[in-house]
Each structure stands twice: as structure tokens, then as C-alpha cells.
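This report describes salt bridges, helix packing and surface character in a predicted model. The structure is shown first.

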Amino acid sequence: MRDWAKARRERTHHLIELGGLVQKAGLVDLTDDDRATLLGAFLDIAGQLQGGNDTAPADLKTRWRRAGLHAFDADREHDKTTGGNDHD
């Protein structure tokens with residue numbers, strides 16, 4: 001496979017995974033799949049990480065990472081008890 005095709009495939013896979021995170025967080029349903037709302041939320045997050053907030057960006061990232069790791073752990077535990085067969 002050519003390098004450009006491999007890079008494109010890897011980028012596509014990465015973007016699909018990111019979209020999966022949006023779905024996993026429940027944002028698609030909570031925003032009625034309104035992409036302008038989702039983009040606005042992401043822009044707000046980016047602004048917070050650029051220091052447009054009272055909370056330090058490093059503290060935000062730590063808090064968000066901890067919550068994400070907890071959610072991944074909960075999913076793994078749920079999959080162990082259900083056999084992983086009841087995800088959307």
C-alpha cells in the first residue's frame with residue numbers, strides 16, 4: 001500500500017474513533033444531532049483550554065481525563081458482565 005493511502009486510512013480510522021467518543025458521551029442524542037451545537041461546544045472547550053476560564057487548562061484536562069478513564073473502565077466492567085453484546 002502506498003504511503004499516502006496508508007496515512008489516509010489511519011487518519012480516517014482516527015476520525016471515526018473520535019466520532020465514536022462523541023456518540024459514547026451521549027452528545028449526539030443530547031444535541032439532537034445538531035452539528036452546529038456540537039461544534040459550538042467543542043469551540044467552548046477549546047477556549048477553556050486556551051485559558052478563557054477561571055480554571056487552569058491543566059486542571060480541566062486532568063478532570064476530564066479522569067472522568068473519561070472512569071467511563072472507559074465502567075464500559076469494560078459492563079462488557080465483562082454482559083458479554084459485550086448490548087452496545088449500540
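R76 and D73 are joined by a salt bridge in which the closest N and O atoms are 2.4 Å apart. Both residues belong to helix α4, and their spacing of 3 residues corresponds to about one turn of the helix. R76 is partly exposed, with a relative accessible area of 47%, and D73 is partly exposed as well, at 40%.

In total, the predicted structure holds 4 salt bridges. Another of them pairs the side chains of D75 and K24, at 2.4 Å from N to O. This pair links distant parts of the chain, since D75 lies in helix α4 and K24 in helix α1, 51 residues apart. The side chains of R35 and D33 also meet in a salt bridge, at 3.6 Å from N to O. The table lists the accessibility of the residues in these two pairs.

| Residue | Relative accessibility | Class |
|---|---|---|
| D75 | 22% | partly exposed |
| K24 | 46% | partly exposed |
| R35 | 63% | exposed |
| D33 | 40% | partly exposed |

The packing of two helices is considered next. How are α3 and α4 oriented to each other? Their axes are 8 Å apart and form an angle of about 130°; the two helices are therefore oblique to each other. On the α3 side the contact is made by I45, Q48 and L49, and on the α4 side by P57, L60, K61 and W64.

Within this contact, Q48 of helix α3 is buried, because its relative accessible area of 16% falls under the 20% limit. Leaving aside residues up to four places away in sequence, Q48 touches N53, P57, L60 and W64.

W64, which lies in helix α4 (residues 57-82), counts as partly exposed at 34% relative accessibility. Besides its part in the helix contact, W64 contributes to a nonpolar surface patch of about 520 Å², made together with L39, F42, L43, I45 and L49. Helix α3 (residues 35-49) gives the most to this patch, with 5 residues.

A final position is found in helix α1 (residues 3-24), where H13 is located. H13 counts as partly exposed, at 48% relative accessibility. Between H13 and L43, which are 30 residues apart along the chain, the C-alpha separation is 23 Å. L43 is itself one of the residues that make the nonpolar patch.

Key: Residues numbered from 1 in each chain as written. Predicted model: local features only at pLDDT ≥ 70, side-chain atom pairs only at ≥ 80, totals over all residues. Heavy atoms only, no water. Patch = residues over 30% accessible without salt bridge, like charges linked within 9 Å, V, L, I, M, F, W, Y side chains within 5 Å. Areas by Shrake-Rupley, 256 points an atom, 1.4 Å probe, with all protein chains shown as cover. Helix = DSSP H or I, 4+ residues; strand = E, 2+ residues; numbered from the N terminus. Buried < 20%, exposed > 50% of the residue type's maximum accessible area, 1.4 Å probe, protein only. Axes fitted to C-alpha atoms, helices over the stretch in contact; angles between N-to-C directions. Parallel < 35°, antiparallel > 145°, perpendicular 65-115°, else oblique. Contact = heavy atoms within 4.5 Å.
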